[in-house]
Amino acid sequence: CSSDLYEKEERIPLDIVEYMWKFEVPEQFSKRKFYPRILRNHKIGVTEKGDAVIPLYYNKTLKGIKYRSATSKSFWYSKGFVKEEYLYNLDEAEKNKDYVIVVEGETDTWRVQEYEYNVVSTLGVSISEWQNKMLRKFKRVYLGYNTDLPGIRATEAAYNALYKHTDVMIIGYPEKDADMCSLQEFKEVFENPFNYAEFKLLTGI
């Protein structure tokens, strides 16, 4: 898409200014070499100030927008967006109910999509009851949170919420998160997941 195209969505109660952004790959994402096709599919763009725009769709309806600053690590959501009632990329993931990989952020989602795996993001390390209900629809859930302490705790909480309802396995990365894995690295950890007992032994939690 050319940089002078704009997205306009009128099906949610956001200020009309927030519906419009340039379809242009933000510099912060181009440096990390995400596939342009993936970013175009998610309608990623920039504001006039250069901040990254990550539209949050479900069933072709814009539910909200996440912004990431061009000059710092800060991010924020459009007014009225309820993160606890949303899973990023769920509309695509629901096309294959055999399994889903759960990751923390949108960048993790894009990287895993590049490798052609079924994936959603909770947009953080907290997991809500609504998100749990959506995930229980899949035959198997792979928990792929980051390997730092918040990610480990999120894995623990998600496992406890899900294991009585569906098969749950846990992915461990050689680096901090999915975004940092090469295709071969991700393939290896996906094909060799941990069960809960192994996860507890490895983390000591």
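Start with the largest pocket, which has a volume of about 580 Å³. A pocket here is an open set of points on a 1 Å grid over the protein atoms alone, with protein on both sides within 12 Å along at least five of seven lines, and lining residues have an atom within 4 Å of a point. Grid points are joined across faces, edges and corners, and the volume is the space filled by probe spheres set on the points. Keep in mind that this is a predicted model, where local features need pLDDT of at least 70, side-chain atom pairs count only at pLDDT 80 or more, and totals for chains, interfaces and linings use all residues. Residues are numbered from 1 along each chain as its sequence is written, and side-chain values use heavy atoms, with hydrogens and water left out.

**Stop 1: the largest pocket**

Select R32, R68, K73, E106 and T107: of the 23 lining residues, these are the closest to the centre of the largest pocket. Now colour the lining by class, and you should get 4 nonpolar, 9 polar and 10 charged residues. (Ala, Val, Leu, Ile, Met, Phe, Trp, Tyr, Cys and Pro count as nonpolar, Asp, Glu, Lys and Arg as charged, and the others, Gly among them, as polar.) Which element supplies the largest share of this lining? That is α4, with 3 residues. Helices (H or I, at least four residues) and strands (E, at least two) are DSSP runs numbered from the N terminus.

**Stop 2: helix α4**

Stay with α4 and select 106-114. Is this helix buried or exposed? 9 of the 9 residues of α4 are buried, so the helix is largely enclosed by the rest of the structure. Buried means under 20% relative accessible area, exposed over 50%, and partly exposed in between (1.4 Å probe, protein chains only). The buried set includes E106 and T107 from the pocket stop, along with W110. Step just past the helix to E116, which takes a positive phi of about 70 degrees.

**Stop 3: the second largest pocket**

Next, go to the second largest pocket, with about 390 Å³ of space. Pick N41, H42, N89, D91 and E92, the closest to its centre of the 17 residues that line it. α2 (36-41), β2 and α3 (90-93) each give two or more residues to this lining. By class, the lining of the second largest pocket divides into 6 nonpolar, 5 polar and 6 charged.

Zoom in on N89, in the loop between β4 and α3. N89 has a positive phi of about 75 degrees although it is not a glycine, and at 4% relative accessibility it counts as buried.

**Stop 4: the four-stranded sheet**

Switch to cartoon and find the open sheet of 4 strands, in the order β1-β2-β3-β4 with antiparallel pairing. Two strands pair if DSSP finds at least two bridges between them. The edges are β1 (45-46) and β4 (75-77), each pairing on one side only.

Select β2 (52-58) and β3 (61-68), which pair antiparallel over 7 bridges. To check the register, click Y57 and its partner L62, then Y58 and its partner T61. These strands form a hairpin with 2 residues between them, and N59 in the turn has a positive phi of about 50 degrees. On the other side, β1 and β2 make a hairpin with 5 residues between them, where G50 has a positive phi of about 95 degrees.

In a regular strand the side chains alternate between the two faces of the sheet. In β2 both faces are covered: A52, I54, L56 and Y58 are buried on one side, and V53, P55 and Y57 on the other.

**Stop 5: the parallel pair and the core**

Move on to β7 (140-143) and β8 (167-170), a parallel pair with 4 bridges. Y142 stands opposite M169 here. Follow the chain from β7 through α6 (149-162) to β8 for a right-handed β-α-β crossover; right-handed means that, with the strands pointing away from the viewer, the path from the first strand over the helix to the second runs clockwise.

Finish with the largest nonpolar core, where F29, Y88, W110, V120, L135, V141 and L143 touch the most other members of the 35. Such a core is a set of buried Ala, Val, Leu, Ile, Met, Phe, Trp, Tyr and Cys residues joined through side-chain atoms within 4.5 Å. α6 gives the most to this core, with 5 residues. Last click: V141 in β7, buried at a relative accessible area of 0%.

Note on methods. On a 1 Å grid over the protein atoms alone, a cavity is a set of points where a 1.4 Å probe fits but cannot get out, and a pocket is an open set with protein on both sides within 12 Å along at least five of seven lines; lining residues have an atom within 4 Å of a point. Ala, Val, Leu, Ile, Met, Phe, Trp, Tyr, Cys and Pro count as nonpolar, Asp, Glu, Lys and Arg as charged, and the others, Gly among them, as polar.
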